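Welcome, and thanks for taking a look at this one with me. Here are a few points to read alongside the picture.

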Amino acid sequence: MKNWIVKSLGRSKGNEVTKKFNINDNIGQILINRGIETEEQLDLYMHPDLTSLRDPFLLKDMDRAVDRIKRAISNNEKICIFGDYDVDGVSSTSILCLYFESIGYQVEFYIPNRLEEGYGLNDEAIRQIGQMGTDLIISVDCGITSVNEVETARKLGIDVIITDHHEPQEKLPQAYAVIDPKREDCRYPFKGICGCGVAFKLIHALSGDRDFYNNINRYLEIVALATICDVMPVLDENRIIVKNGLEIMGRGNNIGMRELLGVCSILDTKMKSSHLGFAIGPRINASGRLGFSRLGVELFTSKDPQKARLLAESMNLKNEERQMVEAKILMEAEAMIDRDSKYQEEKVIVLAGHGWHHGIIGIVASKLTEKYYKPTVLLCIEDGVATGSARSIKGFDLFKAMSECKDLMMKFGGHEQAAGLTMAEGNIQALRERINAIADYELKKEDLIENINIEFELEEDAISLDLVKDLHILEPFGIKNPTPYFMVRDYKVKKAYLIGKDKNHLKLSIEKEYTYDCIGFNMGHLMDKFSVDDRVDIVFQLDENTFKGRTTVQMLIKDIRLSKPDKIYKHNNILKVQSKIVDFDGLSSINGYKQENKTSCDTIGRFRDMFKRDTSRDIEISNKIDDDTLVIINTIEGYFRAMSDINISNSEKIKPIFLSNIDKTYSKVYNKIVIYDYFDNIKEVDKLEGILLADTELIFNMDELDFIYQANKIKDLEFSRDCFVDIYKRLASQVELNVKLSSFVAATRISFTKLVSILRVLESEQLISYEIDYDEGIFKNIMLPKPKNKLNLEDNRLVRGLESLINNFKTSYGM
């Protein structure tokens with residue numbers, strides 16, 4: 001079960017600034033949730049102008065890098081750009097190649113083969129580059145941990161300029177210049193730029209402001225692509241880059257990009273971040289993962305549309321091949337997890353396999369992390385060496401954990417959420433044990449439950465195509481500026497079925513006042529959680545769907561919770577809760593139905609509105625519930641409402657208590673009491689005498705519908721000889737009965753509360769001996785000998801107690 005974290009409880013509202021910009025309250029609340037509250041912040045967010053990009057010389061060593069490159073050009077030295085095989089590395093290499101081409105200076109580039117060389121600088125590659133007569137290496141998206149490799153270059157007489165954005169280790173390479181915003185001594189104010197973003201800054205510094213802005217469209221769409229695909233926060237400068245990059249993408253500024261969009265069938269589509277992350281990026285990555293590292297750079301630097309088209313089609317085929325390999329590794333990895341029960345307890349998944357494609361295991365690691373919500377390390381074993389990729393979850397710094405295991409590895413690198421590593425096969429088990437020991441210390445059990453951040457509960461009158469349109473002003477979406485999730489509650493499921501080739505997508509139709517279509521991709525497993533006519537709470541993204549020329553609102557499901565089942569008897573845990581609604585023990589006692597009202601007039605006066613039925617539901621109630629709140633319920637409907645509110649209140653200690661149990665179990669004094677249901681009668685106020693102080697805040701959270709629920713509960717307790725006879729006959733059909741609880745309750749066709757009252761009466765008259773095992777869902781009964789004399793059940797103490805309860809209810813509410 002996922003945690004639902006609602007950023008803003010109650011009604012959505014903007015502030016004076018959002019109103020000044022004529023932004024509606026729903027969009028205004030989202031902006032406030034993201035810390036955008038001042039006029040300056042809002043102006044930058046709404047109008048991310050390219051001229052707001054920062055001075056590149058704020059980056060440490062940028063001045064040294066620029067001086068060295070300009071000297072190399074002046075001296076006609078040979079320059080080689082050393083990149084990486086992922087989208088960020090390919091993009092970084094491409095824009096530097098485009099820059100040098102624009103000034104008429106020829107450079108070489110080198111992308112390591114992922115399968116043969118792995119990530120980053122390596123000695124063999126540097127020697128090979130040295131043999132080409134290279135004087136200067138500029139690394140992009142790599143190099144920050146390459147201490148030994150830079151030393152190799154120095155010995156060969158090659159200067160190295162490192163541009164990177166990954167986490168530095170304790171010792172920096174002794175390069176001519178090391179540009180990385182994450183350097184401790186770097187004062188650059190924004191640390192979230194990707195490797196291509198750092199290369200983009202280098203181009204800015206080399207070009208000067210005038211030439212840079214005149215030619216910025218040469219690079220912008222490629223930098224936007226890298227920013228999204230490297231999962232950088234879409235804030236600050238990244239928002240400027242991505243928003244402006246998306247606006248020009250595919251318009252011919254880069255021939256290779258245009259052809260790649262064409263292969264993806266999105267050339268004439270309004271570009272969104274999702275197109276970059278899920279369509280374009282995977283095709284570039286696939287080539288690098290399968291060992292064809294140069295294809296991406298050749299594509300983005302191509303000036304020939306026909307050649308670019310062939311390259312794009314080749315990358316598309318590589319992506320299809322990657323998908324097949326990925327599916328096979330994923331299936332094998334999940335089989336390993338199923339076979340080893342230790343993985344259920346361990347907080348980090350460490351898996352290794354022979355023959356796994358180490359260019360693909362990073363994607364599989366991501367999928368396993370998403371599915372199991374645990375950090376995952378996946379290793380490919382070949383000739384005694386294990387090469388791997390790791391992915392993490394929020395709260396577990398993977399780079400820090402790897403640093404504590406570095407003696408087990410030949411090399412590693414990365415950042416908080418992702419890492420790459422190489423190690424001896426014999427150290428895999430030691431890594432599994434040590435990294436799990438670290439995780440045991442760092443991660444609590446609740447850290448392994450995924451949090452879903454929800455903007456707010458969306459009121460039904462706000463769900464519209466107009467809101468879908470308004471949400472576009474928040475684009476582009478990405479890390480730190482995600483597509484908003486909303487929540488709706490207590491909607492009835494009208495239709496539910498599976499769609500797709502493998503029937504793994506969930507399609508729903510839900511309704512309250514209006515009907516809405518919902519779809520949950522890869523959520524077919526949730527069909528087991530609810531049935532048609534159940535009421536559900538849903539977390540979703542708001543979207544639109546056009547079918548046969550008609551456009552309607554569509555909800556893209558993120559998670560579903562059962563709010564209230566239509567058939568309660570199918571849920572043993574709920575039956576157990578429902579059995580506590582009425583205090584049968586108290587009503588069966590000698591004085592259970594003759595209680596005198598002992599409460600003071602002042603206390604009763606505080607409940608006057610309730611007994612006058614002059615109360616209403618509080619839409620802000622979740623905002624008012626905290627760990628020092630007593631939540632009182634008196635019907636099963638009140639229980640469902642209270643649980644839904646508590647689940648989004650972020651209060652971990654609260655459990656609703658039935659009014660029937662308060663005087664038995666509660667002695668604590670509360671500062672706040674929230675009441676979800678009408679009381680059975682005015683005498684029930686006595687139960688709060690010991691915990692209700694003069695300054696205790698009393699909140700009534702019920703309306704006329706809740707009174708109907710309460711009245712129906714009371715009516716259910718009326719004596720019915722026919723019901724007694726029917727239940728007795730069912731039980732008497734077998735001397736000993738041992739059946740599923742749900743089947744027995746369904747067969748009786750009466751409410752569970754009424755059934756329990758009948759069973760209690762029959763047992764008190766020594767007609768039966770029954771037992772309910774709620775955990776196992778079993779009902780057992782033994783028929784006892786029939787009495788010699790005819791019984792008058794209406795004289796039974798519990799029956800009389802129930803009759804008194806009914807009369808007191810009617811009197812208390814003037815019925």
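1. Rings of Phe, Tyr and Trp (its six-membered ring) count as a pair if their centres lie within 6.5 Å. Please keep in mind that this is a predicted model. With that cut-off, the structure holds 22 aromatic pairs.

2. One pair to look at is Phe-707 with Phe-809, which is stacked, at 5.7 Å centre to centre and 20° between the planes. The pair links distant parts of the chain: Phe-707 belongs to helix α28 (residues 704-716) and Phe-809 to helix α32 (residues 797-812), 102 residues apart.

3. Phe-809 also pairs with Tyr-813; their ring centres are 5.1 Å apart and the planes stand at 50°, so this pair is tilted. Which residues do ring pairs link into a cluster? They are Phe-611, Tyr-678, Phe-707, Phe-809 and Tyr-813.

4. Are these rings buried or exposed? Phe-707 is buried, with a relative accessible area of 4%. Phe-809 is buried at 2%, and Tyr-813 is buried at 6%.

5. Two arginines sit over ring faces. Arg-613 lies over the face of Phe-707, at 3.8 Å from the ring centre, and Arg-239 lies over the face of Tyr-45, at 3.6 Å from the ring centre.

6. The largest nonpolar core has 80 residues, and Phe-100, Phe-200 and Ile-280 have the most contacts inside it. Apart from it lies another core, of 76 residues, including Leu-587 and Ile-768.

7. Finally, the UniProt record (an unreviewed entry) places a "RecJ OB" domain at residues 454-559. Over residues 454-559 the chain is 48% strand and 7% helix, and the end C-alpha atoms are 11 Å apart.

Conventions
Residues numbered from 1 in each chain as written. Predicted model: local features only at pLDDT ≥ 70, side-chain atom pairs only at ≥ 80, totals over all residues. Heavy atoms only, no water. UniProt positions renumbered as here; feature names shortened; annotations may be inferred. Helix = DSSP H or I, 4+ residues; strand = E, 2+ residues; numbered from the N terminus. Core = buried A, V, L, I, M, F, W, Y, C linked by side-chain atoms within 4.5 Å. Buried < 20%, exposed > 50% of the residue type's maximum accessible area, 1.4 Å probe, protein only. Phe/Tyr/Trp six-rings, centres within 6.5 Å; stacked < 30°, edge-to-face > 60°. Lys NZ or Arg CZ within 6 Å of the ring centre and 35° of its normal.
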